[in-house]
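Biologist: Could you take me through one part of this model up close? I'd like to start at a single strand pairing and work outwards from there.

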Amino acid sequence: MSAKVIELGTLPASRDPRLPVAFERLFEAEYGRVVRIAQRVLGDAAEAEDVAQEAFMSFYRAHPADAPFAPAWLHAAAAHGALNVLRGSKRRVARETTDAAERAASAIADPESEAVLAEERALIREALARIPAKSASVLALRYSGLSYAEVAAAIGVNADQIGTLLRRAEEALRKEVMRHG
Amino acid sequence: MDDTKLERLLASDEAPIDTAAGLRRFRETVGARGIESYAAPARRRWTQALAAAAAVAVLFAGLSITGVAESFFTIFQPKQVAPISVGAGDLAGLPDLSEFGTLTITTQPAYRQAATLDLARTETGIAPLRAATLPAGVTGDARIYTISRGEGTFRFDETKLQASAGRVSRTPPPMPASIAASTLNVSGGPAVVQTYGGSFDPKSDPRIDPKAMPGSVPTLLIAQSKAPVIRSDGASFDELRAYMLSQPGISPQLAAQIRAIGDPGQTLLVPIPMDLASGKSVTVRGVRGLFVGDSTGLGSGVVWVADGVVNVVAGTLGEKELLAVADSLR
């Protein structure tokens, strides 16, 4: 029996679409939260899913799935990605306002108040795009249901600073809404 | 407007999220684009390592040339930095350089912790810059590391390229004779790295990515390295650039950006992921540098080249704080 010598470099590259088990677990555990963070910023389910897919893809390429920082990294990436989309798409906000107003007018019991709500939501997202990015991230992360500790991990500060950061961010957002509303 | 109203307004018509469908979509993208995960074989890590090297690991670069035949001439020696905006698709499509030839490390760089900056200077010959002011939250003494000079050769190999072309679906253009007969000499270092906070250890993780590990990266990192040098015994920089940019997988946008660099042999390109960060030109200690920040202020860095040394200041700091540190270096 002769020894077989295989040069590793000549083996065909695998195209198996199965992902590492650890990554699939991470995806299942975090996808919902990552989409929700992006959705808080964008107010659009399809765009939020695009941002979440992109965040997971960046992580998949660059980091091991079982890294202890994985959830925090993904939450931060969702907030950055969504804010970038928001900032880059003023037309989208306008479209959202029109769509929501039309929906409200056609199908809902109280079309007038729904149209007002849709307009307020559009205004608040425009304001979110204008306040400092760190403040906008804190709001998106916290209002998507993350705990203070999770928000702190995502933005890389101590948990005891989150209360203050959150209050400042809310104040900044209110002021911005007043200024342009 | 109270907090409840704020929360209600930031909400949207949130339909249930279909994680299973999301996972299916993700698998399809990975399969269709042939994207490999972090834990994939060394072949992929090599490509990632190159991208990382282009970004920040200029730390492993140097000026002095020893043991290189006189027929070699310098084709790359940066004196300035420039940003290149890259999308996720651009990174996925980068050619795998290991298919083009063989890299041999002739001098392995060595990492060591140094007790003081003076000792680091004696070891490396680099005069380390000291931060005169540190931002609030950055405390304690810096940990100091030295990285010795490294050197390697890259020998182009057309036979290897043809063999790999048979295994993958894409066919690279034929290698020009001037490149096929060439060997590149790549050298880098020595370098001095100072870190504050975190648990950065270049032995275990030489990539310096402020976003990679929020819990353990240093709050502040100051690094200086002799600028990298690439020398060739045949192909010119223009020939190499034209050939590499003609590879399948290099997007026209990426190629156009690289072609637009006026002085490519003297410009260190810093890839900036367009979805996560942005870059801008700044002046640091009287020299033009490149500031790179992520979109939320979670981390940022500034890179500049002066007197043959590549300088990097990076950290989990905002732009103002980070640039104040860079300007305070003495």
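Modeller: Sure, let's begin with B:S225, which stands opposite B:V310 in β15(B). Keep in mind that this is a predicted model. That pairing belongs to a longer run: β9(B) and β15(B) are antiparallel and share seven bridges. On β8(B), β9(B) has another antiparallel partner, and six bridges join the two. Here you can pick out B:T195, whose bridge partner in β9(B) is B:L221. So how much of β9(B) is covered? Six of its seven residues are buried, which makes the strand mostly covered.

Now stay on that strand and look at B:Q224, which sits in β9 of chain B, residues 220-226. With a relative accessible area of 4%, B:Q224 is buried, because the cut-off for that label is under 20%. What does a glutamine side chain reach from such a place? One end point is the backbone nitrogen of B:L129, at 2.8 Å from the side chain of B:Q224. Another is the backbone oxygen of B:A127, which the B:Q224 side chain reaches at 3.4 Å. As a rule, side chains in a regular strand alternate between the two faces of the sheet.

The loops around these strands have a few backbone details to check. Most residues other than glycine have a negative phi, and most peptide bonds are trans. Against that background, look at the bond between B:G189 and B:P190, which is cis, with omega about 0 degrees. B:P190 lies in the loop that links β7 (183-188) to β8 (191-196) in chain B, and β8(B) is the strand that pairs antiparallel with β9(B). Next comes B:D307, which is not a glycine but has a positive phi of about 50 degrees. You'll find B:D307 in the loop between β14 (300-306) and β15 (309-315) of chain B, and β15(B) is the strand with seven bridges to β9(B). B:D307 is exposed, at a relative accessible area of 80%. B:R285 also has a positive phi, near 50 degrees, without being a glycine. Its loop is the one between β12 (277-284) and β13 (287-294) of chain B. B:R285 is partly exposed, with a relative accessible area of 39%.

From there, move to the aromatics. A pair of aromatic rings is described by the distance of the centres and the angle of the planes. Over all chains, the count comes to 13 aromatic pairs. One of them is A:F27 with B:F26, a tilted pair at 5.5 Å centre to centre and 55 degrees between the planes. This pair crosses between chains: A:F27 is in helix α1 (residues 21-42) of chain A, and B:F26 is in helix α2 (residues 19-33) of chain B. Are these two rings buried or exposed? A:F27 is buried, at 0% relative accessible area, and B:F26 is buried at 0% too. Within chain B there is also B:F154 with B:F156, an edge-to-face pair with 5.1 Å between centres and 80 degrees between planes. B:F154 counts as buried at 9% relative accessibility, and B:F156 likewise at 9%. Going back to the pair across the chains, A:F27 and B:F26 belong to one aromatic cluster together with A:F23, A:Y31, A:F56 and A:Y60.

That brings us into chain A, where the secondary structure is eight helices and zero strands. Of its 181 residues, 49% count as buried. Chain A exposes about 9,000 Å², with carbon and sulfur atoms supplying 55% of that. Taking contacts between residues at least 6 apart in sequence, 64% join residues at least 24 apart. For one close approach across the sequence, try A:R36, in helix α1 of chain A. The C-alpha atoms of A:R36 and A:S144 are separated by 5.9 Å, though the residues are 108 apart along the chain. A:R36 itself is partly exposed, at 25% relative accessible area.

Last stop is helix α3 of chain A, residues 70-87. It has 18 residues and reaches 26 Å from first C-alpha to last, close to the 26 Å expected at 1.5 Å a residue. Of those 18 residues, 14 are buried, so α3(A) is largely enclosed by the rest of the structure.

Notes. Residues are numbered from 1 along each chain as its sequence is written. Chains are lettered from A and ligands numbered from 1 in the order in which they are written. This is a predicted model: local features need pLDDT of at least 70, side-chain atom pairs count only at pLDDT 80 or more; totals for chains, interfaces and linings use all residues. Side-chain values use heavy atoms; hydrogens and water are left out. Helices (H or I, at least four residues) and strands (E, at least two) are DSSP runs, numbered from the N terminus. Buried means under 20% relative accessible area, exposed over 50%, partly exposed in between (1.4 Å probe, protein chains only). Contact means heavy atoms within 4.5 Å. Accessible areas come from the Shrake-Rupley method with a 1.4 Å probe; for residues, only the protein chains shown count as cover. A polar contact is a pair of N or O atoms within 3.5 Å; within protein, one must be able to donate a hydrogen and the other to accept it, and residues adjacent in sequence count only if both atoms are side-chain atoms. The expected span of a helix is 1.5 Å times one less than its number of residues. Rings of Phe, Tyr and Trp (its six-membered ring) pair if their centres lie within 6.5 Å; planes under 30 degrees apart count as stacked, over 60 as edge-to-face and the rest as tilted. Two strands pair if DSSP finds at least two bridges between them.
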